[in-house]
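Please take the sequence and the three-dimensional structure together, and let the paragraphs below lead you from one part of the chain to the next.

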Amino acid sequence: MSPAPSASHLVLIPSYNTGPQVYATVKAARAQWNPVWVVTDGSTDGTPAGLQAMAAADPGLRVIVLPANGGKGAAVLHGLEAARAEGFTHALTMDSDGQHPADLIPPFMQASQRRPDTMVLGRPVFDASAPLLRVRGRRVSNWWTNLETLGAGVGDSLYGFRVYPIEGLIAVMRGQPWMRRFDFDTEAVVRLAWRGAKPVNLDAPVKYLSAEEGGVSHFRYGRDNVLLSWMHTRLMIEFVLRLPGLLWRKARRLPPFQP
């Protein structure tokens, strides 16, 4: 039985060439929440047609097909703007490759509904499938993010299983040309914290599927680490300019530093 539809919160899944795994991800998400929207970001693997066929038989599923690949952030932004136009206020983003735990969608949504002014962030719990290089590498990004937000409480800067306030996220994305590719997840939490959205962290397992299990990764160590380095450089410059205001807000426990 499908869950009752929500008028405020939806699940938003950006997808690019993840093959059949996207079908399992969408089915798992739909079992937990209604509605679920998928944005296919220029996929050429046949999945847009397959997803549209699923949506034709499921009123709780919507598929938005983008003609060209613009990056995860660009796909999310497209979905957010469509969701805002229909009155939604919050979106839980999750990857289409099977890494994120669909069974935790309800508690994340409930945490957001209790405190709609916050962003609810997944804090990854890794198992033996996690590549050691990526686990260690994200510690660097987390350290910079903690500095850039003046210790606002971001538990993890890269884990994309999150509930965002739609209006705030659209505002920060439309305010500058970045956040359209792999830099999306980290820059989103930094800029939303600057805007006053308090991070609320909830533990969530992450699973790295092997190729035999249908796992697909578009992460490239060289290219994407250069992108992250450039992102943190930009954020640090802006952080220095924002520092007096952040210190004033932190001293008075104003958002995002409120209890």
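V120 stands opposite V163 in strand β6, and this pairing is a convenient place to begin reading the model, which is a predicted one. The strand to which V120's partner belongs, β6, covers residues 162–165, while β5, made of residues 119–126, pairs with β6 in the antiparallel sense over two bridges. On β6 there is a further pairing to follow, since strand β4, residues 90–93, also runs antiparallel to β6 and is joined to it by four bridges. Here V163 appears once more, as the bridge partner of L92.

What, then, covers the faces of β6, and are its residues buried or exposed? Both faces of the strand are covered, with R162 and Y164 buried on one side and V163 and P165 buried on the other.

From this strand one can step back to the chain as a whole. Its secondary structure comes to eight helices and seven strands. The radius of gyration is 18 Å, close to the 18 Å that the globule rule gives for 259 residues, so the chain is as compact as a globular protein of that length. Measured out along its principal axes, the C-alpha trace spans about 55 × 40 × 35 Å. Buried residues make up 53% of the 259 residues, and of the contacts with a separation of 6 or more, 81% are accounted for by residues 24 or more positions apart. The accessible surface comes to about 11,400 Å², and 60% of that surface belongs to carbon and sulfur atoms. As for charge, the chain has 28 positive and 21 negative side chains, and the centres of these two sets lie 7 Å apart.

With that overview in hand, the reader may turn to individual positions, beginning with the helix α1. T25 lies in this helix and is buried, with a relative accessible area of 5%, which is under the 20% that marks a buried residue. Leaving out residues up to four places away in sequence, T25 touches I13, M94, D95, S96, D97 and G98. A wider view is given by L150, which is 125 residues from T25 along the chain, the C-alpha atoms of the two being separated by 35 Å.

After α1 the chain passes into a loop that leads to β2, and P35 lies in this loop. A cis peptide bond joins N34 to P35, with omega at about 10 degrees. Such a bond deserves attention because most peptide bonds are trans. Further on, between β2 (36–41) and α2 (47–56), comes the loop that holds G42. G42 is buried, with a relative accessible area of 11%, and, apart from its neighbours within four places in sequence, it is in contact with Y16, L66, P67, A68 and N69. The C-alpha atom of G42 is separated by 22 Å from that of L169, a residue 127 places away along the chain.

Later in the sequence, the loop between α6 (166–174) and α7 (184–195) contains M179. Phi of M179 is near 65 degrees, a positive value in a residue other than glycine. Most residues other than glycine have a negative phi. M179 is also buried, its relative accessible area being 0%.

The helix α8, residues 221–251, brings the reader to R234. Is this arginine buried or exposed? R234 is buried, with a relative accessible area of 10%, and its contacts beyond the neighbours within four places in sequence are W178, D183, E187 and R191.

The segment after α8 holds two further positions to look at, R253 and P256. Phi of R253 is near 55 degrees, again a positive value in a residue other than glycine, but R253 is exposed, with a relative accessible area of 53%, whereas M179 is buried. In the case of P256, the peptide bond that reaches it from P255 is cis, with omega near 10 degrees.

Technical notes: Residues are numbered from 1 along each chain as its sequence is written. This is a predicted model: local features need pLDDT of at least 70, side-chain atom pairs count only at pLDDT 80 or more; totals for chains, interfaces and linings use all residues. Side-chain values use heavy atoms; hydrogens and water are left out. The radius of gyration is taken over C-alpha atoms; the globule rule is 2.2 Å times the number of residues to the power 0.38. Buried means under 20% relative accessible area, exposed over 50%, partly exposed in between (1.4 Å probe, protein chains only). Contact means heavy atoms within 4.5 Å. Accessible areas come from the Shrake-Rupley method with a 1.4 Å probe; for residues, only the protein chains shown count as cover. Lys and Arg count as positive and Asp and Glu as negative; His and the chain ends are not counted. The place of a charge is taken as NZ of Lys, CZ of Arg, CG of Asp or CD of Glu. Two strands pair if DSSP finds at least two bridges between them.
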